[in-house]
Amino acid sequence: MTKEEILRELQIRNLPNIPEKASWQETRAWILSLFQQEEYGWMPDVPVEVSGQILAEDERPACGNAVYQKIAFTMRWAGGEHTFPIYLVLPKEKAKATFLHIAFPLHDPVHTMPYEEMAERGFAIAAVEYVDITSDDGDFDNGLAGAWYQGRQRGPEDPGKIALWAWALTKVIDYLETLPLINTEIIAVVGHSRLGKTALFTGLMDERIALTISNDSGCSGASLNHGKQVGETIEVITRVFPYWFNEKYLSYSNHEEEMTWDQHFLLAGIAPRRVYVASAAEDSWADPLSEQTAAEAAREVFAKLGLPRSFIGSHVRPGGHALARQDWLHYMDYIEKYMLDSEKRG
Ligand code: GCU
């Protein structure tokens, strides 16, 4: 798709504007509340202690002698705790940047992570298989959901599964901050599809994340609801996956055009930190044109804050719905080009 097509979409979609507050800080706080209140649910707000125990460790000669570790990670708060694995790949020297990957099961060949290449290029990886946090279904009695709700009935604004996955990721960052070989100045959170939605919400919530990467996140991720012509709608997603969201979001089903907000608010709300919106040309369910139009709408907000276009990176690669090697290469290139060499920032 061309830039002209995206700009034309932006004109015809008639998107709502973000209401301006006295300062960007206030606007951002308003956006944060909006997405917790109306879509994903309020992220639990309790003090959490984190710890990690190395379960397995070895050196990987095939990837620049990087060290691989499997960690038993525990998050603990007054009245509850949950433990799940984090998979770490640590380059020999302190990493130039760290990918925090909220991943589908890593043995699934559709969801690539070229960790050898990543480690050789000096990136650290912290990967979490999302269902280890809590299951991907309407059962709120297992994993982190079970430990948080402890059988309590979920209220209309309480967190759904996306918010719980995101909460866990923010706590994983607390732990990563304790590791000397990890670079926490440049943390890039990455997720694909439902986990792209999760990555976006995590990036909105946690200001320690320097780059938020949405890979084919689609409906209720980077895609817009206003002017929807193709792909998934709020009606479909809240019927098939109601447990990803809070109950409030279900009321927007078939009322998209009346909404006073849309998903570009989420991308914009991450400013002044960076965002990357990746799409796949044949991924019509996620609606690549809509994802890229949302990125363009958010760029307008970034521009008002004096941030250059490149603060929202993007690509549309050929092919279908997947987190492919090509996507990872784009992410590494972007970080190297715009975030590592201070003279080239901008
Ligand atoms: C379904 C769902 C999408 C989601 C995708 C995925 O297709 O409708 O919203 O992004 O699964 O996570 O792969």
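Student: Which residue has a side-chain N or O atom 2.6 Å from an oxygen atom of the ligand?

Tutor: This is a predicted model, in which local features need pLDDT of at least 70 and side-chain atom pairs count only at pLDDT 80 or more, whereas totals for chains, interfaces and linings use all residues. Residues are numbered from 1 along each chain as its sequence is written, and side-chain values use heavy atoms, with hydrogens and water left out. A polar contact is a pair of N or O atoms within 3.5 Å. The residue whose side chain provides such an atom at 2.6 Å from a ligand oxygen is Ser 193.

Student: How far from an oxygen atom of the ligand does a polar side-chain atom of Arg 194 lie?

Tutor: Arg 194 belongs to the residues around the ligand (a heavy atom within 4 Å), which also include Phe 104, Lys 197, Glu 232 and His 321. Trp 285 is another of these residues, and a polar atom of the Trp 285 side chain is 2.9 Å from a ligand oxygen. For the polar side-chain atom of Arg 194, the distance to a ligand oxygen is 2.5 Å.

Student: Are α6 and α7 parallel, perpendicular or oblique to each other?

Tutor: Helices are DSSP runs (H or I, at least four residues), and strands are likewise runs (E, at least two), numbered from the N terminus. The axes, fitted to C-alpha atoms over the stretch in contact, come within 9 Å for α6 (residues 161-176) and α7 (residues 194-205) and cross at roughly 55°. Angles from 0 to 180 degrees run between N-to-C directions, and they count as roughly parallel under 35, roughly antiparallel over 145 and roughly perpendicular from 65 to 115, the rest being oblique. The crossing angle therefore makes α6, relative to α7, oblique.

Student: How many charged residues take part in the contact of α6 with α7?

Tutor: Contact means heavy atoms within 4.5 Å. In α6, Ile 162, Trp 165 and Leu 169 are among the participants, and in α7 the participants include Lys 197 and Phe 201. Seven residues of this contact are nonpolar and three are polar, and the number that are charged is one.

Student: What is the relation between the directions of α1 and α10?

Tutor: The axes of α1 (residues 3-12) and α10 (residues 288-304) come within 9 Å and cross at roughly 75°. The two helices are therefore roughly perpendicular.

Student: Is the crossing of α2 and α7 left-handed or right-handed?

Tutor: The axes of α2 and α7 are 10 Å apart, at an angle of about 140°. Phe 35 and Tyr 40 are among the α2 residues in this contact, and Phe 201 and Leu 204 are among those of α7. The crossing is left-handed.

Student: Which residue follows Ala 271 through a cis peptide bond?

Tutor: The bond has omega near 10°. The residue after Ala 271 lies in the loop between α9 (263-268) and β8 (274-280). The residue is Pro 272.

Technical notes: Nonpolar A, V, L, I, M, F, W, Y, C, P; charged D, E, K, R; others polar. Polar contact = N/O pair within 3.5 Å; in protein donor to acceptor, adjacent residues only side chain to side chain. Left-handed = near helix turned anticlockwise from the far one by under 90°.
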